[in-house]
Amino acid sequence: MKALVLNATHQPLALEERPALEAGPGEVIVELKAAALNRRDFWITQGMYPGIKPPVVLGSDGAGIVSQCGEGVDRNWQDREVILNPSLEWGDSQAVQSQAFSILGLPRDGTFATAVSVPASQLFEKPAHLGWQEAAALPLGGVTAYRALFTQGQLQSDQSVLITGVGGGVATFALQFAVAAGADAWVTSSSSKKIERAMEFGARGGFDYTTDNWWKEMAKQAGGPDLIIDSAGGDGYAALLSLAAPGGRIVNYGATAGPPGKLDLFKVFWKQLHLVGSTMGSPRDFAAMLSFVQEKQLAPVVDSVVPLAEANHALDSMRSSPQFGKIVLEI
Ligand SMILES: NC(=O)c1ccc[n+]([C@@H]2O[C@H](COP(=O)([O-])OP(=O)(O)OC[C@H]3O[C@@H](n4cnc5c(N)ncnc54)[C@H](OP(=O)(O)O)[C@@H]3O)[C@@H](O)[C@H]2O)c1
C-alpha cells in the first residue's frame, strides 16, 4: 500500500510504500477511494497540534470499500461501501468525549493512504446518493457542524443563526444544515465571493468580518441571531457578544484566531448569553448527521479534488484559505 507519511513537522509529507495492512481483532481494512483535508491536518504539519508523534499517516476523512474483516467482526461488512467516523473511543456520554477519545489520523494512522485500518465500530454505510469524493468530504466536518448546530446549539426551524467564516469546511456544512432545517441563516466571510456563494446555498445575507462594525450592519438588517456558530474566536469574538440576541447562544468549535482579547462578562450576564463549546460528535451525533444528510439529500460542497500525491500542495494552500468547502484527495 501507499501512504503519505508525516516524518517531521514543517516538512512535506512523504509518499511511501508500506507493507499491506492486516486487520486485527475487531478491526477492518478499508481500501480507500477518496480522503479529505481538514484544518487539523494543516495544524499538525505546522507543529501546532498537541501530541504529534511522527511517523504517522494523517487524514481523518475517508470513504472506501471494506476489504478485510478481523476476528469478531460481522462478515456482512465485507465488500461494503463505507464512510468512517473519525471520532475514536468517544465513550458513553452524550455530553462530552471520554479521556480515551482520539481522532483518526493522529495518533492512529489515518486516511491519506490507499488503505486504512479502523475498529469496525467506526464504519457507516456510504450514503447512496453521494459519490466517493462527496462521501469522503462528509465525516469530520459534517459531524462537527451537526453537533455544534443541533446537539449543542439547539437550533430550531423558527430561529436565526449566524455562521462565521463561511468559507471553512465545517462552516459550509453548518450553512447547508441550517438552511435544510428551515432556519434563517446568515454568514460572515473575509471574501465577498464566498458570501455570494453562501447566498446561492440559501444564506439570507452576509457581512465582511474584516470591516469595522460589520455586526452593527447585521443588527440593523436582521437583528441579533438566536444562535452563533463560530470557530475563529480572537478579537472578533467581542462583536459576537454584542450581536447575539438576548438569551442567545454562541457555540464555539475552534479558535483559529486565538483566544478572545477581551471577554465582556457584563454582556454575558446582562444578556443572559449561553457560551457553549463543541467538539466533533458522539456516535449518536454521527448517525443523526448521516440520517439528516440522507433525508434532505444534501451533498458536501467540494471545492477541489487533487490526487493523493499532490496533497502537500493542497495542504499548503490552506495557509491562505482560498477554498469554499472541502478539499478532497482522489486515491
Ligand atoms: N472542535 C472540533 O471538533 C473541530 C472540528 C473541526 C474543526 N475545528 C477547528 O475549527 C476551525 C475551522 O476548521 P475547518 O476545518 O472548517 O477549517 P478551514 O476549512 O480551513 O476554514 C478556514 C476558514 O476559517 C475562516 N476564518 C479564518 N479566520 C477567521 C476569523 N478571524 N474570523 C472568522 N472566520 C475566520 C475563513 O473563512 P472565510 O474564508 O470565509 O473568511 C477560512 O476560510 C479550525 O480552527 C479547526 O481546528 C474544530
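Two strands count as paired if DSSP finds at least two bridges between them. Keep that in mind as we walk through this model, which is a predicted one.

Let's try the idea out on strand β17, residues 302-307, and strand β18, residues 326-330: they run parallel and are joined by 5 bridges. Since pairing takes at least two bridges, β17 and β18 make the cut with their 5. Want a spot to look at? Find S304, which stands opposite I327 in β18. Now bring in helix α10, residues 311-317: together with β17 and β18 it makes a β-α-β unit, and that unit is right-handed.

Next, head back to the start of the chain. Here you'll meet an open sheet of 3 strands, paired antiparallel, in the order β2-β1-β4. Which strands stand at the edges? They are β2 (14-17) and β4 (56-57); each has a single partner strand, so one side of each is left without a neighbour in the sheet. Strand β1, residues 2-6, runs antiparallel to β2, and 4 bridges join the two. One residue to pick out is K2, whose bridge partner in β2 is E17.

Finally, take a look at the surface. L263, L265, F266, F269, W270 and L275 form a nonpolar patch there, and together they have about 730 Å² of accessible area. Helix α8, residues 265-270, gives the most to this patch, with 4 residues. L263, on the other hand, sits in the loop between β15 (249-252) and α8. Is L263 buried, exposed or partly exposed? Its relative accessibility is 41%, so L263 counts as partly exposed: that label covers values between the 20% and 50% cut-offs.

Key:
Residues numbered from 1 in each chain as written. Predicted model: local features only at pLDDT ≥ 70, side-chain atom pairs only at ≥ 80, totals over all residues. Heavy atoms only, no water. Right-handed = clockwise from strand over helix to strand, strands pointing away. Patch = residues over 30% accessible without salt bridge, like charges linked within 9 Å, V, L, I, M, F, W, Y side chains within 5 Å. Areas by Shrake-Rupley, 256 points an atom, 1.4 Å probe, with all protein chains shown as cover. Salt bridge = Lys/Arg side-chain N within 4 Å of Asp/Glu carboxyl O. Buried < 20%, exposed > 50% of the residue type's maximum accessible area, 1.4 Å probe, protein only.
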